[in-house]
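This report introduces a protein chain to a reader who has not met it before. The sequence and the model are shown first, and the description follows.

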Amino acid sequence: MSEKEAREKAMAIAKKFGYKNEKIESLELEKNPSNYDLTWYVEMSNKLSLSFDANGGNNLDLHCDNVLYKDIDNYRTTEKEAEKIAREFCFKYGYDLKEYNTVEISSNLNTEKDSYLWYIDFYKEYNGIINPYERISVGYVPEINEIYYFVICDSKYENNSLEITEEQAKQIALQAEQKIDTGYKIKSVKTKLDIDRMNGDAYLRTTDYEQYCKQSTTEYPSKNYVEYRTEKSVRKVWKVMIQYDIRESDLFS
């Protein structure tokens, strides 16, 4: 997608969501360091920001931070009503929720009585497993129904077959982990069937553990990061979680 096409798309998206008098203040094309995505990032007037695929995909992230600067803390709704309004937003903007069969609802504070921002996530599910990369997310202010964000994640699930058993997956993970000198003993190992993307961080951890630890700290300079770019494949996987026996005193020694 060219810059001209990106500008046209940004203006069309803004208009679609009711922002008719927006102006583009900045537009930048960025490569994703962990996969082969290309994304246009757009900053518009009134604190409206957009990002979307440069390769013609359906991913979209719309945020309107200007909403947060308004007097919104007196608006209320219920969890049931919050989902209803979010579904109405999706219908209004042309997104069919028929295949999104799992819903997660949360809010900015602990109770319905106190909350004035609501977040609703609609996910596609396959044989009881949620694909977190196929979702529509809506964040909005109740009563006045102003959108804070509207996000489309559209990374298709490959529906691959399982080539190994749960026990085999566990043993493969343990064999790889034993090659890493963490200095700690394994406390427990848990496995579960899940849907996830390829993970360059996992490869870095097993091939250069020292570098992995260095760049896991907030002080490490980003220019020295080592990142492995992978295909953005979304597959059914055995996820192996290894917990080490680490005491709090070990973390600060």
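Two strands are said to pair if DSSP finds at least two bridges between them. Helices (H or I, at least four residues) and strands (E, at least two) are DSSP runs, numbered from the N terminus. The model is predicted: local features need pLDDT of at least 70, and side-chain atom pairs count only at pLDDT 80 or more, while totals for chains, interfaces and linings use all residues. Residues are numbered from 1 along each chain as its sequence is written, and side-chain values use heavy atoms, with hydrogens and water left out.

## The chain as a whole

The protein chain has six helices and ten strands. Its C-alpha trace spans about 60 × 45 × 45 Å along the principal axes. Of its 253 residues, 35% count as buried; buried means under 20% relative accessible area, exposed over 50%, and partly exposed in between (1.4 Å probe, protein chains only). Contact means heavy atoms within 4.5 Å. Among contacts between residues at least 6 apart in sequence, 58% join residues at least 24 apart.

## The eight-stranded sheet

An open sheet is formed by eight strands in the order E1-E2-E3-E4-E8-E7-E6-E5, with antiparallel pairing. Strand E1 (24-31) and strand E5 (102-107) are at the edges and have a single partner strand each, so one side of each is left without a neighbour in the sheet. From one strand to the next, the twist averages 15°. Angles run from 0 to 180 degrees between N-to-C directions, and axes are lines fitted to C-alpha atoms, for helices over the stretch in contact.

At one edge, E1 is joined to strand E2 (residues 38-44) by seven bridges, and the two run antiparallel. Lysine 31 has leucine 38 in E2 as its bridge partner. Helix H1 (residues 3-16) packs on the sheet and touches E1, E2, strand E3 (48-53) and strand E4 (60-64), its direction making about 125° with that of E3. Helix H2 (residues 79-92) also packs on the sheet; it touches E5, strand E6 (118-126), strand E7 (129-141) and strand E8 (146-154), and its direction makes about 70° with that of E6.

At the other edge, six bridges join E5 to E6, and these strands run antiparallel. Threonine 102 has tyrosine 123 in E6 as its bridge partner. E6 also pairs with E7 in the antiparallel sense, over nine bridges, and lysine 124 stands opposite asparagine 131 in E7. E6 is mostly covered, as seven of its nine residues are buried.

## Residues with positive phi

Most residues other than glycine have a negative phi, and most peptide bonds are trans. E6 and E7 form a hairpin with two residues between them, and asparagine 127 in this turn has a positive phi of about 50°. Two loop residues also have positive phi values, as the table shows.

| Residue | Phi | Place | Relative accessibility |
|---|---|---|---|
| Asparagine 46 | near 60° | loop between E2 and E3 | 48%, partly exposed |
| Glutamate 143 | near 70° | loop between E7 and E8 | 55%, exposed |

## Aspartate 53

Is aspartate 53 buried or exposed? This residue, placed in strand E3, is buried, with a relative accessible area of 11%. Its side chain makes polar contacts (pairs of N or O atoms within 3.5 Å; within protein, one must be able to donate a hydrogen and the other to accept it, and residues adjacent in sequence count only if both atoms are side-chain atoms). The side chain of aspartate 53 reaches the backbone nitrogen of glycine 57 at 3.4 Å, and that of asparagine 59 at 3.4 Å. Leaving aside neighbours within four places in sequence, aspartate 53 is in contact with Met1, Lys9, Leu38, Asn58 and Asn59.

## The largest pocket

On a 1 Å grid over the protein atoms alone, a pocket is an open set of points where a 1.4 Å probe fits, with protein on both sides within 12 Å along at least five of seven lines; lining residues have an atom within 4 Å of a point. Grid points are joined across faces, edges and corners, and a volume is the space filled by probe spheres set on the points.

The largest pocket holds about 990 Å³ of space. Its lining has 27 residues, of which Asn199, Ala202, Trp238, Lys239 and Val240 lie nearest its centre. Helix H3 (166-177), strand E9 (186-197), helix H4 (200-207) and strand E10 (234-244) are the elements that give two or more residues to this lining. The largest share, eight residues, comes from E10.
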